[in-house]
Amino acid sequence: MHAIITGGSSGIGLATARILKARGWTVSLIARGAARLEAAGEELNANTRAVDVSDETKLSAAIDGLVDEAGPCDALISCAGLARPGRFLELDTEVFRQMIEVDYFGTLYAIRAVAPQMVKNRAGSIVAVSSATGLLGIYGYSAYGPAKFAVRGLMESLRAELTPHGVHVGVVFPPDVDTPQLADENRFKPAETFAISGTIKPMTPEAVAQKIVQGMDRRRFLICPDTGTSLLARLGGLVSPVLNRTFDRRIARLAKKS
Ligand SMILES: NC(=O)c1ccc[n+]([C@@H]2O[C@H](COP(=O)([O-])OP(=O)(O)OC[C@H]3O[C@@H](n4cnc5c(N)ncnc54)[C@H](OP(=O)(O)O)[C@@H]3O)[C@@H](O)[C@H]2O)c1
C-alpha cells in the first residue's frame, strides 16, 4: 500500500507517516524544506519531493513521479498547511491570499492529482486536515479559518461525489497540537486568541495521527481528535452560540484588565 503525505516532514503528517510505515505501507512525503524532508525520508525509507503545494503544476508532477516510483496512491493525506493568526484590521491582504493558496488550493491540487486514478480503481482514501477553526469562526483567525472552512466544504462535496465510486473521503479537525506550526503561530497570536484557548493543553501529533489512521481504517468522514471538536462538528449550530458567549466574555475580561 502506498500513502502520499503532503506536509509529511513534520508534525501531524510525519506522525501519520510513521504509523503507516510501521504497518508496512510505502510512504511518500512532500514538503518544501529539503533538510527536514530528507531526514524524514531517510528515517522512513520514503520517496520525497521538495515542492510547494500551492504550485499546481509542480505538485502534480511531483505526485505523478511518486506514483511512478512507488505505485498507485492508495491513500492521500493532505497535511501541508500554515497558520498566520492576527487581528483582522492588522493583517495584510497577502496573508489572506497565502492561507487560501496553501491551505485550500494546496489541498485541492493534491486531491486532483490522485482522485481520477482512485475513481478508476474504485479504491483509495483521501483525507484532508482542516482545523477546529474550520468549524467555528474564532477571534484572530479571520485569514486561516476561512481557508480551513473551505477545506471542509470541499471535503463535504467530495464525500458525496467520490464515495459512490468506492473512494473513502475524510476530513480532520484538530484542536491545538504541539507542533512547529503551533509554536510559529503563537508568535503572532493576539492576546484575545490566547485568552480563548485558555489553559487547554495541546494534543500531541502522535495522538492526532492515531485518530487519522483509525478514521481511515473505519472509513469515517468526520475525524475529530478530541471531544470539543467532535461536539462542534456534530452539533455545530447548537454549540457555537454557547462557545461564542464564553469566548466573548473572556475577551471582555481581558479588555477590562488592560
Ligand atoms: N498544530 C496545530 O495546532 C494544528 C491545529 C489544527 C490544524 N492543523 C493543521 O494540521 C496540518 C499539519 O500541521 P502541523 O501542526 O503538523 O504543522 P508542522 O509540524 O509545521 O507541519 C507542517 C508541514 O507542512 C509543510 N508545509 C507547509 N507549507 C507548505 C507548502 N506551502 N508546501 C508544501 N509543504 C508545506 C511543512 O514543511 P515545509 O515548511 O518545509 O514546507 C511541514 O511538513 C496543517 O494543515 C495545519 O493547518 C494544525
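The lining of the second largest pocket mixes 4 nonpolar, 3 polar and 5 charged residues. Here Ala, Val, Leu, Ile, Met, Phe, Trp, Tyr, Cys and Pro count as nonpolar, Asp, Glu, Lys and Arg as charged, and the others, Gly among them, as polar. Please keep in mind that this is a predicted model, in which local features need pLDDT of at least 70, side-chain atom pairs count only at pLDDT 80 or more, and totals for chains, interfaces and linings use all residues. Residues are numbered from 1 along each chain as its sequence is written, and side-chain values use heavy atoms, leaving out hydrogens and water.

**The second largest pocket**

- This pocket (an open set of points on a 1 Å grid over the protein atoms alone, where a 1.4 Å probe fits, with protein on both sides within 12 Å along at least five of seven lines) has a volume of about 190 Å³.
- The volume is the space filled by probe spheres set on the points, which are joined across faces, edges and corners.
- Among its lining residues (those with an atom within 4 Å of a point) are K211, R218, C224, D226 and R234.
- Helix α8 (205-217), strand β7 (222-223) and helix α9 each supply at least two lining residues, with the largest share, 3 residues, coming from α8.
- Helices (H or I, at least four residues) and strands (E, at least two) are DSSP runs, numbered from the N terminus.

**Nonpolar cores**

- The largest nonpolar core (buried Ala, Val, Leu, Ile, Met, Phe, Trp, Tyr and Cys residues joined through side-chain atoms within 4.5 Å) has 48 residues, and I30, L59, L76, I111, I126 and M155 have the most contacts inside it.
- Its largest share, 11 residues, comes from α4.
- A second, separate core of 30 residues includes L37, L44, I212 and I223.
- Leaving aside neighbours within four places in sequence, L76 is in contact (heavy atoms within 4.5 Å) with residues including I4, A110, V114 and V127.

**I251 in helix α9**

- I251 lies in helix α9 (residues 227-257) and is buried, with a relative accessible area of 16%.
- Buried means under 20% relative accessible area, exposed over 50%, and partly exposed in between (1.4 Å probe, protein chains only).
- Not counting residues up to four places away in sequence, I251 touches Y139, E192 and I196.

**Cysteines**

- The structure holds 0 disulfides (pairs of cysteine sulfur atoms within 2.5 Å).
- For C73, the nearest cysteine sulfur, that of C79, is 13 Å away.
- C73 is buried, with a relative accessible area of 8%.
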